[in-house]
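The following exercises concern a single protein model. Each task is followed by a solution that proceeds step by step.

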Amino acid sequence: MHGGQGSSELAVYVLSRVALPLARRLAAQLAVSPWQLLPTSSNSITSKATIASAQIYAPARFCPKDALPFTSLPALLAQTYSFFAGHAFIGAAGIAVRCLASLLIHKSVDAPVLVLDTAGQYVISLLSGHWGGGNALARHVASLLQATPVITTASDGIDDGRVLALDLLLRQAGLRPIDWECLPHVQGMLLEGEHLPLWDPCHVVPEHPGIYRVGDEEDMFFPTEQAEMICPVLAAHWKRLRAHPQVLRIAVPWLFLGVGCRRHVNSDLLYDAVCNMLKHHDLEPLAVAGVATVNEKVQEPAIRTLAERMNVPILGFAAETLVSCITPHPSAAAGQRFGLQDFSVCEAAAMMAAELHGKKIRLLVPKSVVSRQITMAVAIADRGSV
């Protein structure tokens with residue numbers, strides 16, 4: 001979910017007194033008809049983006065009781081931008097652009113932003129139209145207000161964006177672009193009618209009229225020194241693929257990281273250990289779909305920080321559930337800690353998390369121990385040929 005990870009509200013910024021009735025109308029309509037942006041593929045376990053209500057902000061000089069006052073819009077946005085699931089400005093688009101400019105991070109994490117005219121005739125999708133769901137949100141808000149949505153992304157002018165918008169296609173499939181800087185160029189090639197080669201041995205990228213598959217052989221992307229690389233423009237896998245200036249790499253989030261640790265372990269130590277382990281085993285960090293552990297460790301600061309830095313959810317399991325999972329490296333210490341037979345927290349948690357999301361699973365990386373404080377393992381939720 002973009003913007004505030006836990007927020008289900010739309011921040012509505014009223015820039016003039018005459019905009020207040022429209023803001024109230026929008027808030028009332030959202031309460032009746034919430035907006036949800038849901039992945040259309042079971043490949044994704046990303047939290048659904050939901051906006052079910054609105055918080056109205058208005059200048060202090062005329063702020064009514066049903067809104068919150070502000071004296072400086074830039075100062076307010078510095079506080080609210082990362083909290084809310086989306087933002088809507090009722091007023092001039094130029095004001096929104098100038099106030100938001102210094103807060104923008106990247107299209108992969110920025111929240112959707114809308115701009116509405118005070119008469120409620122138009123709803124402009126200003127930011128994060130595809131990946132953040134801004135275009136879909138604009139259409140929803142426009143339908144609530146009987147207004148006209150204004151969508152300016154190029155691919156949405158063709159077939160309503162349902163086919164040619166590559167980033168939206170990937171998002172709906174639960175896939176994650178790695179080389180964002182390549183995305184505009186690749187999207188431009190599709191818009192110009194080119195047909196692009198795709199290497200997708202996991203068979204997860206949806207069919208697209210501008211994409212053709214070039215085979216599943218690993219030599220296509222992992223050639224020997226003697227073999228010439230057949231370079232696809234798109235390449236999707238859960239492995240760490242080598243960078244290429246003309247390739248858009250796509251992460252397939254099938255990996256689940258199981259973690260166990262001592263209390264108050266250093267957050268940087270845990271994060272570095274995970275990164276080093278993934279690199280050592282040639283696994284793509286963006287292919288990690290979740291961090292799994294025993295319930296008693298879900299609130300451990302280092303594990304929560306790890307999940308936040310990797311932008312994935314934490315999945316907790318009861319020790320009594322984990323002990324039922326057969327793993328290659330059960331721990332006597334874990335068994336003693338919970339008064340159970342020997343079991344592996346990291347291996348069992350990784351496998352059980354994968355089992356929730358895959359047709360078949362396997363332990364990809366068995367337990368490794370770092371500094372006698374951290375245990376890690378990786379399981380894969382296999383949904384096809386890999």
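## Exercise 1: Salt bridges on the surface and in the interior

Glu207 and Arg213 are joined by a salt bridge in which the closest N and O atoms lie 3.5 Å apart. The model is a predicted one.

**Task.** Determine whether Glu207 is buried or exposed, and state which residues are linked with Glu207 in a network of salt bridges.

**Solution.**
1. The relative accessibility of Glu207 is 65%. Since exposed means over 50%, Glu207 counts as exposed.
2. Arg213 has a relative accessibility of 35% and counts as partly exposed.
3. Asp200, Glu207 and Arg213 are linked in a network of salt bridges.
4. In the whole structure, the search finds five salt bridges.

**Task.** Identify the parts of the chain that are linked by the pair Asp179 and Arg249, and classify Asp179 as buried or exposed.

**Solution.**
1. The side chains of Asp179 and Arg249 form a salt bridge with an N to O distance of 2.8 Å.
2. This pair links distant parts of the chain, the two residues being 70 residues apart. Asp179 belongs to the loop between strand 10 (176–177) and helix 6 (183–191), whereas Arg249 belongs to strand 14 (residues 248–251).
3. Buried means under 20% relative accessible area. Asp179, with a relative accessible area of 6%, is therefore buried.
4. Arg249 also counts as buried, at 12% relative accessibility.

## Exercise 2: A salt bridge between two helices

**Task.** State which helices hold Asp268 and Arg309, and describe how helix 7 and helix 8 cross.

**Solution.**
1. A salt bridge is formed by Asp268 and Arg309, whose closest N and O atoms are 3.2 Å apart.
2. Asp268 is in helix 7 and Arg309 is in helix 8 (residues 301–310), so the pair ties together parts that are 41 residues apart in sequence.
3. Asp268 counts as partly exposed at 46% relative accessibility, and Arg309 counts as partly exposed at 43%.
4. The axes of helix 7 and helix 8 come within 8 Å and cross at roughly 50°. Helix 7 is therefore oblique to helix 8.
5. The crossing of helix 7 with helix 8 is right-handed.
6. On the side of helix 7, the contact involves Ser267, Asp268, Leu270, Tyr271, Val274 and Leu278; on the side of helix 8, it involves Pro301, Ala302, Ile303, Thr305, Leu306, Arg309 and Met310. These residues divide into nine nonpolar, two polar and two charged.

## Exercise 3: A second helix pair

**Task.** Determine which residues of helix 2 meet helix 3, and how the two helices are oriented.

**Solution.**
1. Helix 2 (residues 73–80) and helix 3 (residues 93–100) pack with their axes 9 Å apart, at an angle of about 60°.
2. Helix 2 and helix 3 are therefore oblique to each other, and their crossing is right-handed.
3. Leu73, Pro74 and Leu77 in helix 2 meet Ile95, Cys99 and Leu100 in helix 3. The residues of this contact divide into six nonpolar, no polar and no charged.

## Exercise 4: Positive phi outside glycine

**Task.** Locate His264 and Ser371 along the chain, and give the accessibility class of His264 and of Ser371.

**Solution.**
1. His264 is not a glycine, yet has a positive phi of about 60°. For Ser371, likewise a residue other than glycine, phi is positive and near 55°.
2. His264 lies in the loop between strand 15 (255–261) and helix 7 (267–280). Ser371 lies in the loop between strand 18 (360–370) and strand 19 (374–382).
3. His264 counts as exposed at 61% relative accessibility. Ser371, with a relative accessible area of 47%, is partly exposed.

## Exercise 5: A buried leucine and the whole chain

**Task.** Describe the surroundings of Leu183, and state how many helices and strands the protein chain contains.

**Solution.**
1. Leu183 is placed in helix 6 and counts as buried at 3% relative accessibility.
2. Apart from neighbours within four places in sequence, Leu183 is in contact with Leu166, Asp167 and Leu248.
3. The C-alpha atoms of Leu183 and Leu234 are separated by 10.0 Å, the two residues being 51 residues apart along the chain.
4. The protein chain contains eleven helices and 19 strands. Of its 386 residues, 52% are buried.
5. Among the contacts in the protein chain with a separation of 6 or more, 62% are between residues 24 or more positions apart.

Note on methods: Residues are numbered from 1 along each chain as its sequence is written. This is a predicted model: local features need pLDDT of at least 70, side-chain atom pairs count only at pLDDT 80 or more; totals for chains, interfaces and linings use all residues. Side-chain values use heavy atoms; hydrogens and water are left out. Helices (H or I, at least four residues) and strands (E, at least two) are DSSP runs, numbered from the N terminus. Buried means under 20% relative accessible area, exposed over 50%, partly exposed in between (1.4 Å probe, protein chains only). Axes are lines fitted to C-alpha atoms, for helices over the stretch in contact, and angles run from 0 to 180 degrees between N-to-C directions. Angles under 35 degrees count as roughly parallel, over 145 as roughly antiparallel, 65 to 115 as roughly perpendicular and the rest as oblique. A crossing is left-handed if the near helix is turned anticlockwise from the far one by less than a right angle, and right-handed if clockwise. Contact means heavy atoms within 4.5 Å. Ala, Val, Leu, Ile, Met, Phe, Trp, Tyr, Cys and Pro count as nonpolar, Asp, Glu, Lys and Arg as charged, and the others, Gly among them, as polar. A salt bridge is a side-chain nitrogen of Lys or Arg within 4 Å of a carboxyl oxygen of Asp or Glu.
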